Amino acid sequence: MNGGMMDESALVMESRFVDDGIARLVLEAPGIAAECRPGQFAMLEPSPGAFPVTRRPLTFSGCDRSAGTVSFLFDVVGKGTSLLSEASPGDRIRLLGPLGRGYDITPGRWLLIAGGMGAAGFPFLLSRTGGGLVLAGMRSSRGIGCLPAGSRLATEDGSAGVRGLVTDLLVDIDWDAFDSVAVCGPAPMMKAVVLAAPRSAAHRIQVSMESGMGCGWGVCGGCPVPSSGGGYLSCCRDGPVFRADCIDWERV
Ligand SMILES: Cc1cc2nc3c(=O)[nH]c(=O)nc-3n(C[C@H](O)[C@H](O)[C@H](O)COP(=O)(O)OP(=O)(O)OC[C@H]3O[C@@H](n4cnc5c(N)ncnc54)[C@H](O)[C@@H]3O)c2cc1C
């Protein structure tokens, strides 16, 4: 196995929809729970021996080491996530992880910026940073119940919080007041956030990229991320969390 990753047959402890098309899974996987860190992910097998064949990547949303459980929060967008959402307590799901490089967690004030289900990993991150200010941009009020309490919100349809995009929430932000910034969401949203930040803040921003990927551990080469040094980085092995200034945003 690669860099401490494990392939566990995890017992489904909880499986339910928390909002329209948003599912939560809690899996008993003691080996992975003991090792995983915020920003890392696992590859979950939707259905043994059936289509889709490849596992699906999901970020750890939470981890309870003493209970030996990890949790996931995900949008049901296709066959794989649909099958995962249909699991019942008592079923088993194969789980490969922990994978990738997570957030570099240093003490200080944290600003967390999410687009849509990019917020899925923030509860786990907040549990390790000891708190932080969360800004979230959503299409509508769907999914706002999944956000950490106290999040500042923008919705595109104006149904909750400020009408607009998450970047509209940045106008009041004093970037110098934060030691670390975590950004997760669709690539265009992360690019807009990084471009809105002052250049001096770039080395304090960590972005979690969600490129589609096949294997999750650097073998298939299916998840290239353009590097600011030229060439490409691998999302699954070099990331998915990168320092913002390591990425060539022009080519994203
Ligand atoms: C490291 C990593 C962590 C992730 N963590 C989460 C998470 O915590 N919660 C969550 O909801 N999703 C997360 N995703 C995205 C999730 O993996 C995909 O939504 C899932 O693989 C789709 O599988 P599917 O079989 O249901 O859909 P598919 O049939 O494979 O695809 C359905 C639709 O979704 C689109 N899609 C597939 N993968 C992605 C992607 N990575 N980004 C954008 N669009 C995509 C496809 O283009 C297609 O339009 C993560 C992705 C990565 C790479």
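Start by colouring the protein chain by domain: domain 1 covers 6-99 and domain 2 covers 110-251. The model is predicted. The C-alpha centres of the two domains are 21 Å apart.

**The domain interface**

Select the residues where the domains meet. On one side are 21 residues of domain 1, in contact with 19 residues of domain 2. On the domain 1 side, the elements that contribute two or more residues are strands E1 (6-19), E3 (41-44), E4 (56-59), E5 (62-64), E6 (69-75) and E7 (92-99). E6 has the largest share of that side, with three residues. Coloured by class, the domain 1 side shows twelve nonpolar, five polar and four charged residues.

**The ligand**

Next, centre on the ligand and display its shell. There are 22 residues around the ligand, and those that come nearest are Phe-74, Gly-78, Gly-80, Thr-81 and Ala-120. Two or more residues of the shell come from each of E4, E6 and helix H2 (79-85). By class, twelve residues around the ligand are nonpolar, six are polar and four are charged. Where does the ligand lie with respect to domain 1 and domain 2? Both domains give residues to the shell, so the ligand lies between them.

**The nonpolar core**

Hide the ligand and select the largest nonpolar core, which has 68 residues. The members that touch the most other members are Ala-42, Leu-95, Leu-112, Ile-113, Val-183 and Val-207. Strand E8 gives the most to this core, with five residues. Domain 1 and domain 2 each supply at least three residues to the core.

Zoom in on Val-207. Leaving out residues up to four places away in sequence, Val-207 touches Val-183, Met-190, Val-194, Phe-242, Ala-244 and Ile-247.

**Helix H4**

Two of those contacts, Met-190 and Val-194, lead to the next selection, helix H4 (residues 187-196). Its buried residues are Met-189, Met-190, Val-193 and Val-194. They span an arc of only 130° around the axis, which puts them on the same side of H4. Turn the view to the face directed away from that buried side to find the exposed residues Pro-188 and Leu-195. Then show strands E8 (110-115), E9 (133-138), E12 (180-184) and E13 (205-208), against which the buried residues of H4 pack.

**Helix H3**

Move to helix H3 (residues 122-129), where Phe-122, Phe-124, Leu-125 and Thr-129 are buried. Look down the axis of H3: the buried residues fall within an arc of 160°, so they line one face of the helix. Which strands do the buried residues of H3 pack against? They pack against E5, E8, E9 and E12. After H3 comes Gly-130, with a positive phi near 80°.

**Two cis peptide bonds**

Finish with the backbone at two prolines. Select Gly-97 and Pro-98: the peptide bond from Gly-97 to Pro-98 is cis, with omega near -10°. Pro-98 is part of strand E7, one of the strands that give two or more residues to the domain 1 side of the interface. Then select Gly-239 and Pro-240, which are also joined by a cis peptide bond, with omega about 10°. Pro-240 sits in the loop between helix H5 (235-238) and strand E16 (241-243).

Methods
Residues are numbered from 1 along each chain as its sequence is written. This is a predicted model: local features need pLDDT of at least 70, side-chain atom pairs count only at pLDDT 80 or more; totals for chains, interfaces and linings use all residues. Domain bounds come from an automatic or database domain assignment. Two residues are in contact if their C-beta atoms, placed from the backbone, lie within 7 Å. Helices (H or I, at least four residues) and strands (E, at least two) are DSSP runs, numbered from the N terminus. Ala, Val, Leu, Ile, Met, Phe, Trp, Tyr, Cys and Pro count as nonpolar, Asp, Glu, Lys and Arg as charged, and the others, Gly among them, as polar. A residue is near a molecule or strand if its C-beta atom, placed from the backbone, lies within 6 Å of it. A residue is buried if 20 or more other C-beta atoms lie within 10 Å of its own, exposed if 12 or fewer, and partly exposed in between; C-beta atoms are placed from the backbone. The arc is that of the directions from the helix axis to the C-beta atoms. A nonpolar core is a set of buried Ala, Val, Leu, Ile, Met, Phe, Trp, Tyr and Cys residues joined through C-beta atoms within 7 Å.
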